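Q: Please take a close look at a single part of this model, its backbone geometry and its burial in particular. Please then place that part beside other sites of the chain.

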Amino acid sequence: VATTAPRDRARSIAPVVRDGACLRILDQTLLPGREAWQELRGARDTAAAIARLAVRGAPNIGIAAAHGAALEIAARPEAYKEGVAVLRAARPTAVNLAWAVDRVSAAAHGGGPDAALAEARAIQAQEDAASDALAAHGADILAGCRRILTHCNTGALATGGRGSALAVVQELAARGADVQVLVCETRPLLQGARLTVWELARLGLPHELLVDAAAAGLMRRGEVDAAVVGCDRVAANGDVANKVGTYTHALAARAAGIPFVVAGPTSSIDPALTDGDAVEIEERGADEVREAGGATLTLVGTPCRNPAFDVTPAQLVTALVTERGVAAPPDRASVGALLS
Ligand code: MRU
C-alpha cells in the first residue's frame with residue numbers, strides 16, 4: 001500500500017521530554033492508534049516503561065534512562081543506588097542504557113543531584129546533535145540511492161533528533177532525492193508497521209509497507225537500491241546487534257550486491273566487546289509471538305522462541321555511519337578510529 005501524507009502535516013516528534021520533576025514520554029505501545037503521554041518520576045517507573053517498550057530504540061532508551069536516573073538521584077539523594085541498578089538492568093541489549101546510567105551516576109558521585117540532572121540534559125543534547133551529523137554522513141555515502149529498505153523504527157521515536165537510519169533517509173529527501181522507503185513490518189511487535197509508517201506519514205515521505213519475508217525477494221529483483229538500519233550495540237570489531245530480522249536483510253543485501261548500511265550514534269558502540277557473539281540478546285515473552293494486534297495467531301500455549309535482536313557480522317556491513325564519521329568497511333581499526 002503506497003501512502004503519501006502532504007508535506008504540511010510534517011512536524012517534529014519529541015517523544016522524551018523532561019518537564020521539571022517529571023519525564024514525559026509518548027507511549028509507543030499505543031501508536032499509531034493513540035497518542036498518549038506517560039509521566040515518569042524516578043528509576044523504577046522509567047525501568048518499567050523501558051521494559052514494556054513504551055519508550056524504546058537504543059538512543060532513546062539511553063536518554064530516558066539518563067533522566068530517570070537523575071530524577072531518582074534528586075528525589076532520594078541518600079538512597080538512589082538500588083533503584084538506579086534496577087533501571088540499568090531494564091533491558092540488556094542496547095548498550096546506551098548502561099552507558100547513560102553510568103554517566104549520570106558518575107556525575108552524581110562528583111557533583112550531587114544538580115550535576116546528575118545536568119548530565120542527563122547533556123546526554124539528550126549530545127544525541128540530538130549526533131542525529132543531524134550522522135544523517136549528513138549517511139546521505140553522502142548513499143547519494144544516488146532512491147529506493148531504501150529499512151527495518152524496525154529508527155526515527156525520532158527511537159533516538160535524539162530526527163533519528164538514525166530514518167534521519168539518513170530524511171536527509172536524502174531534503175537534498176532532493178526522490179526517495180521511496182520500503183518499510184519492513186518488523187514482527188513480532190511491528191515497530192515498522194506501527195511506528196516507522198506513522199513517522200513517515202507525518203513527514204510526508206513516500207513509503208510502502210512490506211512483510212519482513214518480502215524483503216529478500218525485492219532485493220534480488222533489483223527493486224531496492226540500499227538497505228539502512230539502526231543498531232543497539234556495535235562490538236569493537238564492527239559486528240552489529242540490532243532488531244531481530246536485521247541479519248536476514250544483510251544476507252539478502254549481500255547476495256543482491258546492494259549496500260547494507262548501519263547508522264547510529266557512537267553511544268551505541270561498545271568497545272569492551274571483542275565481537276558480536278558476546279552481546280546479550282534479550283529474550284522476550286512468548287505472547288509477543290503468539291499474538292499480533294490483540295489477536296491470537298496460533299494454538300493457545302504454543303511454545304515459542306522470541307529473541308528480540310540478532311547479530312550481523314561486520315563482513316556483511318558496507319558502512320557504519322556515526323556522528324563522528326563513517327567506518328567503511330567496519331572493522332577493529334575503523335571502529336576504533338571513530339572512538340579515538
Ligand atoms: O526493541 P526496540 O524497538 O527497542 O528495538 C529497536 C531497534 O532495534 C532499533 O533498530 C535500534 O534501537 C536502533 S534505533 C536508532
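A: A residue is called buried when its relative accessible area is under 20%, exposed when that area is over 50%, and partly exposed in between. With that cut-off in hand, the part chosen here is the loop between strand S6 (180-184) and helix H6 (191-203), where Pro188 has its place. The model is a predicted one, and what follows is to be read accordingly.

Thr186 belongs to this loop between S6 and H6. Its relative accessibility is 0%, so Thr186 counts as buried. The backbone at Thr186 has a phi near 70 degrees, which is positive although the residue is not glycine. Leu190 is found in the loop between S6 and H6 as well. Here too phi is positive in a residue other than glycine, with a value near 60 degrees for Leu190. At 18% relative accessibility, Leu190 lies under the 20% cut-off and therefore counts as buried.

The loop also holds a cis peptide bond: Arg187 is joined to Pro188 with omega at about 10 degrees. As a general rule, most residues other than glycine have a negative phi, and most peptide bonds are trans. Against that background, the positive phi of Thr186, the cis bond from Arg187 to Pro188 and the positive phi of Leu190 are the features to inspect in the loop.

Another cis peptide bond leads from Ala328 to Pro329, with omega near -5 degrees. Pro329 is placed in the loop that runs between strand S17 (325-327) and helix H10 (332-339). The two elements on either side of that loop can be described through one residue each. In strand S17 stands Val326; its relative accessible area is 33%, so Val326 falls between the two cut-offs and is partly exposed. The C-alpha of Val326 lies 7.0 Å from that of His137, although 189 residues part them in sequence. In helix H10 stands Leu338, which is buried because its relative accessible area is 6% and the cut-off is 20%. From Leu338 to Trp99 the C-alpha distance is 17 Å, and the pair is 239 residues apart along the chain.

The ligand site completes the picture. The ligand sits in the largest cavity, with 19 residues around it, the closest being Arg56, Ala58, Arg91, Asp232 and Asn242. By class, the shell comprises 7 nonpolar, 8 polar and 4 charged residues. Helix H2 (58-75) and strand S10 (240-243) each contribute at least two residues to it.

Oxygen atoms of the ligand are approached by several protein atoms. A backbone N or O atom of Gly57 is 3.1 Å from a ligand oxygen. Asp232 places a polar side-chain atom 2.8 Å from an oxygen atom of the ligand, and a polar side-chain atom of Lys243 likewise lies 2.8 Å from a ligand oxygen. On its own, the ligand has 410 Å² of accessible area, and the protein covers 100% of it.

Key. Residues numbered from 1 in each chain as written. Predicted model: local features only at pLDDT ≥ 70, side-chain atom pairs only at ≥ 80, totals over all residues. Heavy atoms only, no water. Near = heavy atom within 4 Å. Polar contact = N/O pair within 3.5 Å; in protein donor to acceptor, adjacent residues only side chain to side chain. Areas by Shrake-Rupley, 256 points an atom, 1.4 Å probe, with all protein chains shown as cover. 1 Å grid on protein atoms, 1.4 Å probe; cavity = no way out; pocket = protein on both sides within 12 Å on 5 of 7 lines; lining within 4 Å. Sits in = over half its atoms within 2 Å of the grid points. Helix = DSSP H or I, 4+ residues; strand = E, 2+ residues; numbered from the N terminus. Nonpolar A, V, L, I, M, F, W, Y, C, P; charged D, E, K, R; others polar. Buried < 20%, exposed > 50% of the residue type's maximum accessible area, 1.4 Å probe, protein only.
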